[in-house]
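Let's take a walk through this fold together, one piece at a time. Keep the structure open beside you and turn it as you read.

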Amino acid sequence: MGHPDGVSRNLRTAVVGHVEWTTIARLARVPQQGEVAHAAAVWEGPAGGGAVAAVQMAQLTGRTTFFTALGDDTAGRRTEEVLGRLGVEVLTATRPGRTRTAVSVVDDSGERTTTTLGPRLQPSLDDPLPWNELVTYDVVHFVAGDGRILEHARRARVVTASLRESEVVATCGVPVDALIGSAADPAERYDPASFTTEPGLVVLTEGREGGRFLSADGTGRYDAVPVPGQEQDSYGMGDNFAAALAYALGRGDTTATALRAAAERAARCAATRGPYTLP
C-alpha cells in the first residue's frame with residue numbers, strides 16, 4: 001500500500017482508544033464447563049482495539065499518534081515502551097490503579113475467545129491531552145472514548161469509528177466517514193434508525209467469507225484475501241482491517257480499493273501469531 005515497502009509517510013494519522021495488556025494462550029479447544037486446561041502463553045503485549053489499530057496505522061504510515069488512558073502500573077509503562085518501539089507516539093492520561101488486562105484462548109481452528117479483567121480505561125476530553133491538534137490530522141480512527149472527543153476529531157479530514165462505539169457516534173451526532181465492525185458480534189450490530197446522520201460507509205466483516213458494506217450508493221460485498229502462509233489465529237484481524245481501511249480512505253482510495261487493501265492487511269494478521277509481531 002503506497003510505497004514499494006508498504007509504508008506511506010504522507011498521511012498524518014491518529015487513533016483514539018483503549019488498551020488491554022493481553023496474554024494469548026493456545027489450546028486444542030476451548031475448555032468445557034468445570035474442565036481444567038493447561039496452556040502455554042504464545043503472545044503477550046498491549047492489545048485491545050485501540051492499541052492494535054495504532055500499531056497497524058504505524059506500519060502503514062511510519063508513525064502514528066495514539067490517544068489513550070493507562071493505569072499507573074507496570075502494564076501501563078510496558079504498553080508505552082512496546083508501542084513506542086513500534087512507531088506509536090502514545091499520548092496517555094494516567095489513571096490511578098491497574099491497566100485493564102485480558103486473556104485470550106486460541107483453539108486449533110484459529111478462533112479466539114477473550115476474557116477481559118478490570119474496567120476499560122478510555123480517554124476523555126477532560127484529560128490534559130492535545131485534543132485541539134486533531135484538526136491537523138488527515139485520518140483519525142475512533143475506537144473508544146468520550147463522545148466529545150469525536151466532535152473534536154471530526155475536524156480531521158477523514159474520521160472512522162468502531163461499530164462497537166455506535167451508540168457514542170449516534171448520540172453525539174457526528175457524521176463519520178466509515179463505521180467498521182463485525183457482522184458476527186452482537187455488540188457491533190448496526191441499527192441505522194439510531195443515527196440522525198448516517199455514516200458515509202458501514203462495513204460489516206464476516207471473516208473468511210469477506211464481508212458486506214452499505215453506502216449512499218447502495219450495498220455490496222467484498223471478498224476475503226487468502227492468508228499468505230499458514231494461518232495462526234484470528235486475534236486482531238478486525239482491528240487491523242479497520243485501521244487499514246481508515247488509512248486507505250484517507251489516501252483517497254475508492255471504496256472497492258480500500259476494502260481490498262483492508263482485507264489484505266487482515267489476511268496478513270491471520271498469518272501472524274497475535275495481532276502483530278512484537279519488537
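**A helix and the strands around it**

A good place to start is helix α2, where Ala-75, Gly-76, Thr-79, Val-82 and Leu-83 are the buried residues. These residues spread over an arc of only 130° around the axis, which puts them on the same side of α2. The spacing of such residues along a helix has a simple background: an α-helix has 3.6 residues a turn, so residues three or four places apart point the same way. Please bear in mind that you are looking at a predicted model.

What lies over that buried side? Its cover includes the strands β2 (20–26), β3 (40–47), β4 and β5, and also helix α1 (48–61). The length of α2 can be checked too: with twelve residues at 1.5 Å a residue, the helix should span 16 Å, and its end C-alpha atoms are 17 Å apart, which agrees. After α2 comes Gly-87, which has a positive phi, near 90°.

Now step back along the chain to strand β4, residues 64–71. Eight of its eight residues are buried, so the strand is mostly covered under the cut-off of 20% relative accessible area. Thr-64, Phe-66, Thr-68 and Leu-70 point one way from β4, while Thr-65, Phe-67, Ala-69 and Gly-71 point the other way. Both sets are buried.

Which strands pair with β4? One of them is β1 (residues 13–16), which runs parallel to β4 over three bridges; here Val-16 stands opposite Phe-67. Another is β5 (residues 88–95), also parallel, with eight bridges, and in this pairing Ala-69 of β4 stands opposite Ala-93 of β5. To get from β4 to β5 the chain passes through α2 (residues 74–85), and this β-α-β crossover is right-handed.

From β1 you can also move over to β8, since β1 and β8 pair in the parallel sense over four bridges. Look for Ala-14, which stands opposite Val-140 in β8. The side chains of β8 are buried whichever way they point: Val-139 and His-141 go one way, Val-140 and Phe-142 the other. Strand β8 is in turn joined by four bridges to β9 (residues 158–162), and these two run parallel. In that pairing Phe-142 stands opposite Ala-161. With helix α3 (residues 147–153), β8 and β9 make up a right-handed β-α-β unit.

Let's finish with the aromatic rings, as the structure holds four aromatic pairs. One of these is formed by Phe-67 and Trp-131, which are stacked at 5.0 Å centre to centre with 20° between the planes. This pair links distant parts of the chain: Phe-67 belongs to strand β4, whereas Trp-131 sits in the loop between β7 (112–117) and β8 (139–142), 64 residues apart. Are the two rings' residues buried or exposed? Phe-67 has 0% relative accessibility and therefore counts as buried, and Trp-131, with a relative accessible area of 4%, is buried as well.

Another pair brings together Tyr-190 and Phe-195, and this one is tilted, with 5.6 Å centre to centre and 40° between the planes. Tyr-190 counts as buried at 16% relative accessibility, and Phe-195 is buried at 9% relative accessible area.

Conventions. Residues are numbered from 1 along each chain as its sequence is written. This is a predicted model: local features need pLDDT of at least 70, side-chain atom pairs count only at pLDDT 80 or more; totals for chains, interfaces and linings use all residues. Side-chain values use heavy atoms; hydrogens and water are left out. Buried means under 20% relative accessible area, exposed over 50%, partly exposed in between (1.4 Å probe, protein chains only). Two strands pair if DSSP finds at least two bridges between them. A crossover is right-handed if, with the strands pointing away from the viewer, the path from the first strand over the helix to the second runs clockwise. The expected span of a helix is 1.5 Å times one less than its number of residues. The arc is that of the directions from the helix axis to the C-beta atoms. Contact means heavy atoms within 4.5 Å. Rings of Phe, Tyr and Trp (its six-membered ring) pair if their centres lie within 6.5 Å; planes under 30 degrees apart count as stacked, over 60 as edge-to-face and the rest as tilted.
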